[in-house]
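Visitor: I would like a close look at a single part of this model, the surroundings of the bound ligand. Please start from one residue and work outwards.

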Amino acid sequence: MTQLIAGNWKMNGSLAANEALLTALAQGLATPPRAEVAVCVPAPYLAQVRALSAQLPSLEPLQLGAQDVSSQAAGAFTGEVSPSMLKDFGCRYAIVGHSERRQYHGETDALVAEKARQALAHGITPIVCVGESLAEREAGTTVDVVKRQLAAVIQANGHCISEIVLAYEPVWAIGTGKTATPEEAQAVHAVLRAQLKAATPQAERVKILYGGSMNAANAATLLAQPDIDGGLIGGAALKAADFLTIIAAAR
Ligand code: PGA
């Protein structure tokens, strides 16, 4: 399967910085990549990134994504962005259940599952994040935690579960420079794949990304693992050269 390299810009960027980053990416992508490439940008910049991608021909294959989406379709939900609004701006993806949203914004498994359902209902592919904290890993509960998080999404989405992208992001590896070893990551990916297989005959087509301090130096070995179908890249997606190196390492 074609791998997916998705940048997660988080709450970073400005009109000027985004333009510089995309211009540099356009130069690097003059030769079309093997992998599918996406950038998940702060909502106010969706229009800018979409317009620049249209202006810079080599960015044509670049897919656009958001970093969150509402669990509601429309209405009195101040501050929320609906999936149909994202669709209006050409979004293909929306990250849901990122650990920073679970941790700092109190998002529960049930809410994350509902966001995934709402995204799918409006033609947005949710990139559903699961992952254990350091305490959970040390307590030996990694598998229980990620299976519980995925089970909620499977329950809410039924056979549509084959339409999601899943991202395994160990919380202790995010932004810390500590990466799961390729073997550690593969072991959890295999657990997630097995859980998907039990839920749908289409489990093989679900991309399972690894995220958490993936960088230019470690991407190739992580991306070589059989159940790692791409990467969700935070810090390294803000540096064009590093992001391009990761893209080039993907199958
Ligand atoms: P990181 O972030 O690559 O900076 O660790 C990944 C993520 O949070 O999606």
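Visitor: Where is the place of lysine 10?

Guide: Before the answer, a word on the basis: this is a predicted model, in which local features need pLDDT of at least 70 and side-chain atom pairs count only at pLDDT 80 or more, while totals for chains, interfaces and linings use all residues. Residues are numbered from 1 along each chain as its sequence is written, and side-chain values use heavy atoms, with hydrogens and water left out.

Lysine 10 sits in the loop between strand S1 (4-8) and H1, where helices (H or I, at least four residues) and strands (E, at least two) are DSSP runs numbered from the N terminus. The phi of lysine 10 is near 55 degrees, a positive value in a residue other than glycine. Most residues other than glycine have a negative phi. Serine 213 likewise has a positive phi, near 55 degrees, and its place is the loop between strand S7 (208-211) and helix H9 (219-223).

Both residues belong to the ligand's surroundings: of the 13 residues around the ligand, Lys10, His98, Glu169, Gly175 and Ser213 come nearest, a residue being counted if one of its heavy atoms lies within 4 Å. Among the polar contacts (pairs of N or O atoms within 3.5 Å), a polar side-chain atom of lysine 10 lies 2.7 Å from an oxygen atom of the ligand, and glutamate 169 also places a polar side-chain atom 2.7 Å from a ligand oxygen. From glycine 234 the partner is a polar backbone atom, 2.9 Å from an oxygen atom of the ligand. Taken on its own, the ligand has 280 Å² of accessible area, of which the protein covers 95%; such areas come from the Shrake-Rupley method with a 1.4 Å probe.

Following the chain from the loop of lysine 10 leads to H1. Helix H1 (residues 15-28) packs against helix H2 (residues 46-55) at an angle of about 30 degrees, with their axes 11 Å apart; axes are lines fitted to C-alpha atoms, for helices over the stretch in contact, and angles run from 0 to 180 degrees between N-to-C directions. In this contact (heavy atoms within 4.5 Å), Leu15, Asn18, Glu19 and Leu22 of H1 meet Gln48, Val49 and Leu52 of H2.

Definitions and conventions. Polar contact = N/O pair within 3.5 Å; in protein donor to acceptor, adjacent residues only side chain to side chain.
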